[in-house]
Amino acid sequence: MYLSDKWNKIMGPKDERLEYEENKAVKTSAYILLIGSILSLYYAIMLNQVAETTDHPILTTLGDSVVPVQIPLIITILVAGMVSIYMQIRSGNVSPRKRYAEVDSIPWDYVCIIALIVGAFLGILTCGMRIVAEIQIVGIDDVAWFGDIAIGVVFFIMGFVIGFACFAIAINSAIKRRHEIESEIEG
């Protein structure tokens with residue numbers, strides 16, 4: 001609660017128009033994510049059903065010729081995220097918060113903080129999931145703790161660098177688009 005109050009104080013009040021644009025983008029992405037996930041999971045059900053009724057287990061060499069469920073889910077998640085980002089940039093929207101709504105240059109402190117959060121989340125998630133997966137597969141005695149932590153650090157660095165670049169590019173594009181919209185309205 002304290003962190004969210006502190007964040008709201010730093011970011012300032014929300015602009016209703018920008019919040020509407022953000023909500024519209026998130027709603028569109030949510031529909032894409034929901035429909036894509038339902039189709040992917042339904043495909044997984046059909047895949048298992050066909051494998052069981054034809055006595056062809058999926059986890060054999062036959063599985064190599066079948067499209068894994070992860071691919072449609074990954075594509076769905078990427079498309080949903082990209083649509084949301086595109087819609088927000090297209091509206092010239094960086095954030096619904098007034099502090100960053102009308103910036104004329106990239107707020108590097110904001111980009112660094114968000115990239116740090118993305119990197120930390122990705123690093124911790126990767127390390128934790130690898131440890132859990134290894135415990136399930138090889139047992140707790142054979143977990144490669146230092147290797148998993150090292151992979152988490154690598155993913156943290158990758159997440160920070162890629163997040164930094166992507167947020168900076170997205171904010172810069174939104175600023176340019178907002179200037180285009182403003183010049184169209186004035187002219």
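**Figure 1. Glu-19, a residue of helix H2.** Let us start our tour of this predicted model with one side chain and its surroundings. Glu-19 counts as partly exposed, because its relative accessibility is 26%, and partly exposed residues fall between the cut-offs of 20% and 50%. Which residues does Glu-19 contact, once its neighbours within four places in sequence are left aside? They are Lys-14 and Pro-96. Look also for Ser-95: along the sequence, 76 residues separate Ser-95 from Glu-19, yet in space their C-alpha atoms are 7.9 Å apart.

**Figure 2. The whole chain, built from six helices.** Step back for a moment to see where the close-ups belong. The protein has zero strands, and its elements follow one another from the N terminus as α-α-α-α-α-α. There are 187 residues in the protein, and 27% of them count as buried. The accessible surface amounts to about 12900 Å², with 70% of it belonging to carbon and sulfur atoms. Now think about contacts between residues at least 6 apart in sequence: 81% of these join residues at least 24 apart.

How confident is the predictor? The mean pLDDT of the protein is 82, and 89% of the residues reach 70 or more. Among the elements, helix H6 (residues 145–186) has the highest mean pLDDT, at 92, while helix H4 (residues 98–101) has the lowest, at 69. Where pLDDT is low, the predicted coordinates should not be read in detail.

**Figure 3. Ser-37, another residue of helix H2.** Is Ser-37 buried or exposed? Ser-37 is buried, because its relative accessible area is 18% and the cut-off for buried is under 20%. Not counting residues up to four places away in sequence, Ser-37 touches Leu-73 and Thr-76. Ile-74 is a helpful landmark here: Ile-74 and Ser-37 are 37 residues apart in sequence, and the distance from C-alpha to C-alpha is 9.4 Å.

**Figure 4. A nonpolar patch on the surface.** Five names are worth finding in this view: Tyr-31, Leu-34, Ile-35, Ile-38 and Leu-39. Together these residues make a nonpolar surface patch of about 530 Å². One of them, Ile-38, lies in helix H2, which covers residues 16–53.

**Figure 5. The largest nonpolar core, with eleven residues.** After the surface, here is a look inside. The members of this core are Ile-89, Val-94, Val-103, Ile-106, Tyr-110, Val-111, Ile-114, Ala-168, Ile-171, Ala-174 and Ile-175. Which elements give two or more residues to the core? They are helix H5 (108–138) and H6. Helix H6 supplies the largest share, four residues. In soluble globular proteins, nonpolar side chains tend to be buried together.

Val-111 is a good residue to zoom in on. Leaving out residues up to four places away in sequence, Val-111 touches Ile-106, Phe-164, Phe-167, Ala-168 and Ile-171.

**Figure 6. A salt bridge between Arg-178 and Asp-104.** The structure holds five salt bridges, and this view shows one of them. The side chains of Arg-178 and Asp-104 meet with an N to O distance of 2.9 Å. What does this pair link? It links distant parts of the chain: Arg-178 is in helix H6 and Asp-104 is in the loop between H4 and H5, 74 residues apart. The two partners make an interesting contrast. Arg-178 is buried, because its relative accessible area is 7%, whereas Asp-104 counts as exposed, because its relative accessibility is 56%.

**Figure 7. Arg-178 again, now with Glu-182.** Glu-182 and Arg-178 form a salt bridge whose closest N and O atoms are 3.2 Å apart. These two residues are separated by about one helical turn, because they are four residues apart in helix H6. Glu-182 counts as partly exposed, with a relative accessibility of 32%. Put this view beside the previous one and you can trace a network of salt bridges that links Asp-104, Arg-178 and Glu-182.

**Figure 8. Arg-177 and Glu-180, a salt bridge in helix H6.** The closest N and O atoms of this pair are 3.2 Å apart. Arg-177 and Glu-180 lie three residues apart, about one turn of the helix. Arg-177 is buried, with a relative accessible area of 15%, while Glu-180 is partly exposed, at 40%.

Note on methods. Residues are numbered from 1 along each chain as its sequence is written. This is a predicted model: local features need pLDDT of at least 70, side-chain atom pairs count only at pLDDT 80 or more; totals for chains, interfaces and linings use all residues. Side-chain values use heavy atoms; hydrogens and water are left out. pLDDT is the predictor's confidence in each residue, from 0 to 100. Patches are made of residues with over 30% relative accessible area and no salt bridge: like charges are joined within 9 Å, nonpolar side chains (Val, Leu, Ile, Met, Phe, Trp, Tyr) within 5 Å. Accessible areas come from the Shrake-Rupley method with a 1.4 Å probe; for residues, only the protein chains shown count as cover. A salt bridge is a side-chain nitrogen of Lys or Arg within 4 Å of a carboxyl oxygen of Asp or Glu. A nonpolar core is a set of buried Ala, Val, Leu, Ile, Met, Phe, Trp, Tyr and Cys residues joined through side-chain atoms within 4.5 Å. Buried means under 20% relative accessible area, exposed over 50%, partly exposed in between (1.4 Å probe, protein chains only). Contact means heavy atoms within 4.5 Å.
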